[in-house]
Structure formats: C-alpha cells, structure tokens
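Me: Could you take a close look at one part of this model for me, the loop residues with unusual backbone angles, and then walk me outward from there to the strands and helices? I would like one connected answer.

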Amino acid sequence: MDELISKQLRYRVRVLGNLLGQTMAQQHGEEFLSKEEEIRLLAKSRRQNGNDEQQKLQQVLTQLDDDDLISIARAFNQFLNLTNIAEQAESGEIQDTLFPATSNLADLFTRLESKGIDKSIVAETIKKTRCDLVLTAHPTEITRRTLIQKYNRIASVLNNVKEDEPLQDNDQIELERLIAEVWYTDEIRTEKPTPQEEAIWGYAVIEQSFWTAIPKLWEGLDSLMLQHTGQSMTLDMTPVTISSWMGGDRDGNPNVTAAVTADVIRLARWMAADLYLRDIEELLSQLSMSQCTEDFQLRCGQASHEPYRVVLRDLRKKLTATRLWAEGTEPPGANLILYRDDLYAPLHACYQSLHSCGMGIIADGLLKQTLIRVSTFGVTLVDLDIRQNTDEHIDLLDELTQFLEIGSYRDWSEKARNDFLMQELATKRPLIPEGWEPRGNGSEVLKTFRLIAEGNAEGISSYIISMAKNPSDVLAVVLLLQKCGLARKLPVVPLFETLEDLENAAWTLERLLRMRWYTNYIEGYQQVMIGYSDSAKDAGQMAAAWAQYRAQEELIVVAAKYHVSLTLFHGRGGAAGRGGTPARQAILSQPPGSVNSSTRVTEQGEMIRFKYGSAPLALNNLDLVLSATIEASLLPPPKPRENWRSLMDRLSHIASSSYRKTVRDPEFVEYFVEGTPERELALLALGSRPARRSKDPNDRSIEDLRAIPWVFAWTQKRLMIPAWLGTDAAFSSGLSDKEWFVINEMLDEWPFFQSQLDMLEMVLAKADIEISERYDNVLVSPDLKSMGDKFRGQLTSLIASVNKIKGQEELLENLPEIKRSLDLRHPYTDPLHFLQIELISRHRRGDGEHNEKIKKALLVTIAGIAAGMRSTG
C-alpha cells in the first residue's frame, strides 16, 4: 500500500507542479520556466555528483538580477508548499475514509483484548480520559492566513485527483484558478499580527477543522467502546478538548494586555455563537416533528404542532442576541447564552424527547453532534490559559508591601513570603487598598487579575506561572486572584523550565502540598507544566530530555504521597530542539504513571496547520493523541532499569557540560550571528511576541534569545545544532563495550530512549554538511570558520554513532516514508539555501539596505526553507 501511496503522491505533486509552471510561464515566459528547471536539475544533480554541480548552481544563481531572484525564490517556495499540501491531503484522505475501522483507536481496542485487560477497566479508563490540546501563538506560523485558506481549498480539490483516472475538467479549472490565486498573492506579511489576529487565526482552525473532526472522533470512539466493552459514552464526556494561549500568554509579550485578553474572550464568544447558530438553523429545518414527551411539551410553554422548533427558535433568538452583544453592538441583556448549560440543557431535552418517542435515529444525527460540540467547546469556544512570568508577580507584591509599609516582598526570604501569603489567604480582609494603582507594568498585571475576577474566570482554564521556582510563586497568584474577587478556584500551574528548576520541581510541589490550606484549596487536583524549549536551550537536548523525564517521575511520587491527582502539561515546540516529537511517540515514551488518563500538550505555530489544518488531518492526529493517551494509561511503558538510569545520568552530564561550554564561548555567539540568518529573521512579520527578552538592542547573548528563533536560525542553515549539540560528546566519550550493550538494550526495550534516538535521527537526516559549509564560506569571518568545521566534524561523528546504535548503513534506512518525504523536497529546498546565502551576503554588504527587492527575496527564501523543513522553531 505504501508503494501505491507513493505513486499517487508523486502524481499529485507532478500535477500541481505542472499547473504552477503554466501559471509562471504565463507571467514570465518560457525562458523563465527553463531557468527554474535548470536550477532544479542542478540542485538534484548536486546531491548525486557533489561540489562540481554545486559550483555550477551557485554560478547560475549569482547571475540572476533582482527581479529574477524574487521570482525564482517564490517559485521554489510555492513548489514546496504544494508538495506539503499533497502529502497532507493524502494523509487526511486515507484516515477520513476509513475511520474508525482502521484507526489507531480500533487497533488499540484489539490489542487490549488480546492482552486480556478487563472490559470494565477499559471502559472506565476511557470515560475519564481527557486530552487537552493547547493552541499557542508562538511566532512560528510563517505562512499568511489568506494563503492557508487557498491551500486548504487546493487540498480539498486534490482529493478528486487520482493517478489512474483522468483529471476532470472542472477540477482542472479549479486547481488552475487556485494556483493562480496563490502565485499572484504576496506570501510575505508586511506587518506583525496583533494578538487578536493570532487568536482569530486559532478560531479559524477550530471552525475549519476541530468543529467537524471532534464529533466524528467522539462517535468513532463511542462505537468502538460499545463494540468492545458493551458500554457507551454519555454526551457530557469530553475525551478531547481545545484550549488556547492566543491572547492569554503575556510572558515577555507587552502586546498582550488585559484589554487584549478581554477582546480575545469576546471574539471567542462571538465565534461560538456564530457557529452554533449555523447548527441551530440546520436543526430547525430537520426537527419538524410534532411528537414529544409531556416534560418536553411543558418546556415549550405552549401547545405547539412543532415543539422542537419552538425551543430551537428561542435558542436562535438568544444566540443572535449573544453574537450582537459579543460584537459590542448590543448591551448585555437577559436573553444571552453565557453559560454552557444555557445551550446544553434545551438541546439535551430535545435529544431525550426524540429518543423517548422512538425517533433516536433523528436525535443521533446533527443534534447529537451539536451536543458533543457544546460539551467540548462550551459557549466560549476555547478556554484561555493566562500565562505570566513569576517576576511580574513579585514586582507587584513588592510595590504593594512597600506601599503598605510592611517591608519589601522582593527582599523577604522564601519562609517570610510564605508566612505573609498564608496569613493573607486565611483572612477575608482586603489586601489591595481601594484606589491604589501600581506603577509601570504592575498596573497591567493587576488589571489582568481583576479581569479574571470580574468574569469569575468564565472562559479561563488556568493561570500558568513561567519560571516558577518556589511555593510562594504559586501562592502569590492564588492570593492575588482571591483578593481581586475571584469566587471560584482557578487552577494555578507552575511551569518549570530551566534544568535547575526541573531538578527541583518535585521538591517545590512537595513544599506546597505540605501546606494544609493549599491541599484543601486544590481539592485533590494539581496541574504542573514541563517546559521543553528553555530547558533544551539551557542545557542541550539530551540533558534536558532526561531532566524532564526524571522530573515527571518525581512529581508522580510526590502527588501520590499526598493523594493528589496530577496532570502534566507538556510545553513542547514543533522542532526537536524544543521537545518536538510525533504525538503518539511523545505520549507513549513518558514515564509510567505520568499520563493516567489525563494529558495536556501545546500545539505550536506551523505544527497546528500541518497537523490540524483540515478536518481529515485533524481527525488523523486526534486519533493518534487519544489512542496513545488511553494506551499509556492501560499499557504503561516499563520502568527504566538502574543500569539504564546510571548510563543516562553519565551521558547527560557529559552532554550538558559540552553543550554549555560551547554556547558560552563568546566566539560561538559571533559564529551564530554571522553564520545563520538570525539577524534577518527580525525582518519577518511573524508573531506578536518579540524574539528577545531584553529590550537592549545590543544584548546578543544566547540566554536572551528566545528558544524559537534560536532553533529557527539553525534550521535555516541546516546545521540543526539545538537538536544534537552535546549529544555528540556523550556518544563519543569512550563508551565501553558494556555501555554500548546497555545502549542497545535501551533502544530495544525503553520507549523514552527509542523516542529520543528516532527524533535525533530525523533531525540529522535534515542536516546538510555541504549547505552549512557554503553559509560559512560566504558569510562567516575567516577567524570563525574553524568553528563551523569543528561542528561539521562533530555532526559527522554523531551520524556514525547513530547508525552504529541502530545497526544501519545510513540514516532513515528503516524509515522509508520519511526519507521519501525529504527526497521529494530536496530539489526545491536546496536552491533556496543557495539563493538565501547570496541574498544575505548582498543584504549585509548594504546592497539591500534600500533595495526592497533583495529584502523581499530573502524573506521568501526563509519562508520556503521553513516549508521544506516542515519546521521553523
């Protein structure tokens, strides 16, 4: 079947490529098309014949004038985007057609039966399973939203394109039109998106993908559960939910204010009301029946020939009023849908009445799907996480305590802080004087707490504390929420990010849980967030991954000791250097007991589009996430043996020491700045958050740089340092025969190590020594070039080590699908690298300072390489 898929995929790529070629020829002529093809063939030949072809390719590219530079860059960029579309369409199409019969969920039920796991245990586990996907607005989605919409339409038409069938005229014309629209649309944003625009983009993903996919996933799971356990799900069960950071994440982003968060919450309510109105309109046409139960007739409040329509018309009226209120065009009134039950209760009454009157087949259509949506999305569409750095809370409390003349909160010891916080939490007296307003950013922090309290946290899922280190960091947030008037108990979530914080995470949680007041407050439930990006940038990928694993193990032990149900929230990025791992593998490689029917994970940037950009794609990936969560709960991975732990401790120590020694070398920073497009990335209008934490433009430290541009820049150069630096030292540290035996044992038996090595192999396959060397030859000062040579030597050595461990001759030997995917892209990605090198050189010489054409072409190459790598940061 893989061979058939590959043939069909190549056929679809060829169809799209030919249509793009026709469009380009119409604008630029056949000569341009010939030049583009010459470049593509030289790039392809370079991989087969080496440096001679590389020099020819570089010579052709340097002779291009400014206009041709842009057009050639745009051509290869769009070829890569169309290749991605073809792959995504195929993946989603297969899953959508066969779900749930050949799904991961179906396979899991079969395996659970074969292992003799009791049906009642399976059913109970599924009933309490919850996977929460958290959409984040990190600045990694490089493609404009208007183009994403066109790409989705191309993918939809592409489902009709079959290798063994002639292309229908209407499909041909539609594809020609859409590809022309793409070609004549500027692919580069001119302005950074606002947080509100980022949120709207996230809501569009819900509208276009999750709105359809989640009910289908729910019904598929329910049918499999009934088939294999004899039990059914109830309509209020939510195995998958969607949350968001878009407009709620203010850590390091001054553009996210309390007013922005209020806007985003209101926009979400508007979108929810609008989507439900569409369902209600369709239900009004469907539910024309007259027979109903006596209870339902009483709900109607009148004798009616069409009782269901009476209830639905009332809901339509209320949803319309809610939409107008959310727009800000109508004042709040009594007839608004503000709470989940305002919508769920009348719809569920319709559902029960239809079933009671023998019309279950009607109830189980759109009405059931709408009820699943109400359970999943509520009336706020998504629940928003609020995230803020703990230093902001400390600053606010410090200003407050000094105003109250009781001392400096910042200068107090941890014990003094906790004593103060517990004393204030235990009393009902106000803490914040009426009319008092802090100075600077403290005012904005306080406004956010007041905003949460004013709405009683409706539409807010939790409060995340970045860079949490101590119990006082958590208690401070609880206190500020309480003293601002929040009546309900909002989950407050410490985020442990650095290597040191991860190592101390369990001790921090234990100190919190020792406080009786706090354990009463959380009512047996605690969420903890594990940071992947900053810990990897702090200590290197291998040491960070092992610290994350050990932190989870230790947190599980502490939570069990205090009889607390623990949910681990994984702040993974898309790239391997930021914790990125295929969803199923990531969940199944976590420590035993860490999932326990509940998981939260961030979905970031362009990964949202790649994994959830259409309803079929979303269904495919939701199936992976949900089945893995259930499997990890019922069939947990083995505990690592002591000799595995000992070896991982040793390897991680070597890796971390080597990594930190390298990145703290001042020459390394210079090499990074000169040899990658890090400076040029600032030209891109990506997300609303600044790329660096410091406001000092002269601060070029790696510590100040955010994890996303750190990974993005190395990916563009194809050296991929964040994913492997340090690991090379660990694997070349003179391992004994016994240690190599243990490594092979770990690879065979330990999902965590398998996952780490698989991701490492995938990243190494994307690295390109010759391309990275070309960046150095053109862009790097002569006295720094030896550093690049050293890295390429380390990379070569690491590739040999990975092949040795995996018992193979070359990378991806046992992963032909991934190799095929990369091979499809190389002829289009490689020219973009050589173009980018030439353009960076011109830009830095000043040629492009006032030349918008050079700048635009450079940005197109950045976008194109990101598409080819399927990754920014």
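Reply: Met720 lies in the loop between helix H31 (707–717) and helix H32 (721–724). Its phi is near 55°, a positive value in a residue other than glycine. That is worth a pause, since most residues other than glycine have a negative phi, and most peptide bonds are trans. Met720 is also buried, with a relative accessible area of 8%.

Keep in mind that this is a predicted model. The mean pLDDT of the protein chain is 90, and 93% of its residues reach 70 or more. Two stretches call for caution: pLDDT stays under 50 over residues 1–5, for which the model has four contacts beyond four places in sequence. It also stays under 50 over residues 575–580, but there the model has 30 such contacts beyond four places in sequence.

A second residue to set beside Met720 is Glu523. Here too phi is positive in a residue other than glycine, this time near 50°. Glu523 sits in the loop between helix H22 (516–522) and strand E6 (525–531). Its surroundings contrast with those of Met720: Glu523 is exposed, with a relative accessible area of 60%, whereas Met720 is buried at 8%. A positive phi turns up at a glycine as well, in Gly230, which follows helix H9 and has a phi near 80°.

That brings us to the helices. H9 (residues 195–229) has a kink of about 45°, centred on Phe210. It is mostly covered, with 25 of its 35 residues buried. Helix H27 (residues 615–634) has 20 residues and spans 28 Å from its first C-alpha to its last, close to the 28 Å expected at 1.5 Å a residue. H27 is mostly covered too, as 17 of its 20 residues are buried.

Now for the strands, beginning with E8 (residues 598–604). Seven of its seven residues are buried, so E8 is largely enclosed by the rest of the structure. In a regular strand the side chains alternate between the two faces of the sheet. In E8, Ser598, Arg600, Thr602 and Gln604 point one way, Thr599, Val601 and Glu603 point the other way, and all are buried. You may want to check the charged and polar names in that list against your own protonation setup. 

E8 has partners on the strand side as well. Strand E1 (residues 130–136) pairs with E8 in the parallel sense over seven bridges, and Leu135 has Glu603 as its bridge partner in E8. Strand E7 (residues 565–571) and E8 also pair in the parallel sense, over two bridges. There the bridge partner of Phe569 is Arg600.

Strand E3 (residues 383–389) is another mostly covered strand, with six of its seven residues buried. Two bridges join strand E2 (residues 240–244) to E3, and these strands run parallel; Ser244 has Leu384 as its bridge partner in E3. E3 and strand E4 (residues 460–466) pair in the parallel sense over six bridges, and the partner of Gln388 in E4 is Ile465.

Last, the cysteines. The count of disulfides comes to zero. Cys131 is buried, with a relative accessible area of 1%, and Cys484 is buried as well, with a relative accessible area of 18%.

Notes
Residues numbered from 1 in each chain as written. Heavy atoms only, no water. pLDDT = per-residue confidence, 0-100. Contact = heavy atoms within 4.5 Å. Buried < 20%, exposed > 50% of the residue type's maximum accessible area, 1.4 Å probe, protein only. Helix = DSSP H or I, 4+ residues; strand = E, 2+ residues; numbered from the N terminus. Pairing = 2+ DSSP bridges. Expected span 1.5 Å × (residues − 1). Bend = angle between axes of the 7 residues up to and from the residue. Disulfide = S-S within 2.5 Å.
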